[in-house]
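Reader: I am new to this structure. May I ask how each label is earned?

Author: Please do. Take a look first.

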Amino acid sequence: MCSSDLVVTSFNTTLQGSSRFGQTVPGLTLGGAVPNTQNLVGLSDDGERLSYFGVTNPNGTVATYRVHFFNAAGTEIAFTPTLTLSPYGQRQFQAAEIHTTYHVSGRDYRVQVETLSGGPLYPYGSIIRLATDDPSFLAAAPARTSRAYLVGALSAPGPFGALWRSDAVLANPGAQALHADLSFTSIGPVSQPTAPVSVTLQPGETRRLTDVVHGQWGITNAIGILTLVSREPSGALPIFQGESYNDAQPSRRFGQSMMAQGDADAAGAGQKVVLTGLRQDAAYRTTLWLFNPSGGAGTYDLIYRALDGTVLGRIDGIALGAGKARQLSPGQHPLPAAGVASGFTVEAVVRSGSLLAAGQVVNNATNDPAYVQGAAR
């Protein structure tokens with residue numbers, strides 16, 4: 001994939017009896033700078049979750065690489081010999097191999113993929129909740145500087161008896177401690193950020209902040225944006241990602257992974273953010289979140305399209321103040337009353353300010369969520 005105008009999202013569905021659940025898999029644009037060392041964060045083998053991961057070589061030449069495994073404290077617990085990946089090849093490390101061959105287990109371990117020759121390579125992973133067999137997709141977390149945002153973090157009840165919670169997962173793959181401030185801003189035109197919580201991660205450390213909105217600030221009914229701000233002179237940040245899940249039945253959770261975005265991911269005036277793979281019908285519902293990370297007011301037009309490009313509806317002139325966020329719930333979309341069985345896409349056109357966006361597609365039968373991150377174009 002080389003066109004900057006193409007946005008791809010795969011919605012992978014698992015069928016278990018009469019229940020459907022699954023995960024979204026975002027497409028990647030090939031090209032650009034890809035680091036030789038990449039990290040998959042928050043993998044687990046702990047009785048509640050099981051993980052596997054893979055490495056893809058979408059190039060016409062052979063690549064060599066090595067994989068390192070680190071526990072949550074940052075200690076390297078295993079590594080592979082030098083491995084070879086054929087042109088256009090892929091290698092997948094199943095949970096049994098990770099556990100029995102490399103003796104890796106525990107909660108929130110980190111996988112580091114080091115490219116030795118060829119490439120670039122693209123690691124990916126999946127975390128499976130054992131009680132439900134519900135998978136969540138993980139991409140290699142890119143390095144962010146200065147500020148990073150998790151759009152759609154929440155601790156709040158929802159339709160069909162859902163009780164939504166979000167965890168924040170932070171990892172420091174470097175050799176020096178990292179210091180940052182974490183705050184939360186709920187949706188709404190007059191909301192203000194919480195007092196920041198200081199976070200220090202030691203070299204190699206991975207830390208999970210469980211039910212972060214409630215656990216850090218005592219907030220029990222809010223949806224919004226988590227903001228991580230570096231306190232390093234270099235602007236370096238820990239890897240920052242999240243998980244949201246329905247906690248109404250703790251023994252039977254369905255959830256999703258959420259990747260952080262940075263200021264460089266935001267669309268500016270004259271650009272747009274595209275969210276694809278959205279669904280709304282009798283089986284699914286979609287919630288959208290819009291966030292203006294800029295220091296000035298923003299105005300946006302939302303265009304809803306069917307898969308053939310036909311305009312289904314639009315909302316023009318949405319206004320967001322600096323640092324403010326808005327939610328569009330399932331009943332607020334300009335869609336046919338019966339929904340759109342084949343799925344739809346939203347283009348958020350930026351007239352002023354800047355914009356980050358994300359969506360959550362939820363299975364009405366199981367309350368299984370899937371996270372869709374907007375792509376700036």
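Reader: What makes the backbone nitrogen of D368 and the side chain of T366 a polar contact?

Author: This is a predicted model. In it, a polar atom of the T366 side chain lies 3.2 Å from the backbone nitrogen of D368. A polar contact needs N or O atoms within 3.5 Å, so the pair qualifies.

Reader: Where is T366, and why is T366 called buried?

Author: T366 sits in the loop between β27 (356-363) and β28 (369-373). Its relative accessible area is 14%. Buried means under 20%, so T366 is buried.

Reader: Why does P336 count as partly exposed?

Author: P336 has a relative accessibility of 41%. Partly exposed covers what lies between buried, under 20%, and exposed, over 50%, so P336 takes that label. P336 is in the loop between β25 (325-328) and β26 (340-352).

Reader: How far apart are the C-alpha atoms of P336 and P58?

Author: They are separated by 40 Å. Along the chain, the two prolines are 278 residues apart.

Reader: Which side chain has a polar atom 3.0 Å from the backbone nitrogen of T286?

Author: That of Q280. The limit for a polar contact is 3.5 Å, so 3.0 Å is within it. Q280 belongs to strand β21, and T286 to strand β22.

Reader: Are Q280 and T286 buried or exposed, and how do you know?

Author: Q280 has a relative accessible area of 12%. For T286 the value is 0%. Buried means under 20%, so both residues are buried.

Reader: How far is T286 from S329 in space and in sequence?

Author: Their C-alpha atoms are 7.1 Å apart. In sequence, T286 and S329 are 43 residues apart.

Reader: What makes β21 and β29 a pair?

Author: 2 bridges join β21 (residues 272-280) to β29. A pair needs at least two bridges, so these strands pair. They run antiparallel. V274 has A375 in β29 as its bridge partner.

Reader: Which sheet contains β21 and β29, and which strands are at its edges?

Author: The open sheet has 5 strands, in the order β24-β23-β26-β21-β29, with antiparallel pairing. β24 (311-320) and β29 (375-376) are the edge strands, each pairing on one side only.

Reader: How do you know that β14 and β15 pair?

Author: They share 5 bridges, in the antiparallel sense. At least two are needed, so the strands count as paired. D181 stands opposite S198 in β15.

Reader: Which side chains of β15 point to one face and are buried?

Author: V197, V199 and L201. S198 and T200 point to the other face and are not buried. The side chains thus alternate along the strand.

Reader: How many residues does the largest nonpolar core have, and which of them have the most contacts inside it?

Author: It has 38 residues. L182, V212, L226 and F240 have the most contacts inside it. Several elements each supply at least two residues, including β13 (163-171), β15 (197-201), α2 (212-217) and β22 (284-291). β12 gives the most to this core, with 7 residues. In soluble globular proteins, nonpolar side chains tend to be buried together.

Reader: What is the volume of the second largest pocket, and which residues are closest to its centre?

Author: The volume is about 230 Å³. Of the 16 lining residues, R147, T185, P193, T227 and G323 are the closest to the centre. β12 (147-157), β14 (178-186) and β17 (222-230) each supply at least two residues of this lining. β14 gives the most, with 3 residues. The lining divides into 7 nonpolar, 6 polar and 3 charged residues.

Reader: How many cavities of 30 Å³ or more does the structure hold, and what is the volume of the largest?

Author: There are 3 cavities of that size. The largest has a volume of about 50 Å³. A cavity is a space where a 1.4 Å probe fits but cannot get out, which is why the word differs from pocket, an open set.

Reader: Which residues line the largest cavity?

Author: R49, I127, R129, S136, E243, G255, Q256 and S257. β10 (122-129) and β19 (254-259) are the elements giving two or more residues to this lining. β19 gives the most, with 3 residues. By type, the lining has 1 nonpolar, 4 polar and 3 charged residues.

How values were computed. Residues are numbered from 1 along each chain as its sequence is written. This is a predicted model: local features need pLDDT of at least 70, side-chain atom pairs count only at pLDDT 80 or more; totals for chains, interfaces and linings use all residues. Side-chain values use heavy atoms; hydrogens and water are left out. Helices (H or I, at least four residues) and strands (E, at least two) are DSSP runs, numbered from the N terminus. Buried means under 20% relative accessible area, exposed over 50%, partly exposed in between (1.4 Å probe, protein chains only). A polar contact is a pair of N or O atoms within 3.5 Å; within protein, one must be able to donate a hydrogen and the other to accept it, and residues adjacent in sequence count only if both atoms are side-chain atoms. On a 1 Å grid over the protein atoms alone, a cavity is a set of points where a 1.4 Å probe fits but cannot get out, and a pocket is an open set with protein on both sides within 12 Å along at least five of seven lines; lining residues have an atom within 4 Å of a point. Grid points are joined across faces, edges and corners, and a volume is the space filled by probe spheres set on the points. Ala, Val, Leu, Ile, Met, Phe, Trp, Tyr, Cys and Pro count as nonpolar, Asp, Glu, Lys and Arg as charged, and the others, Gly among them, as polar. A nonpolar core is a set of buried Ala, Val, Leu, Ile, Met, Phe, Trp, Tyr and Cys residues joined through side-chain atoms within 4.5 Å.
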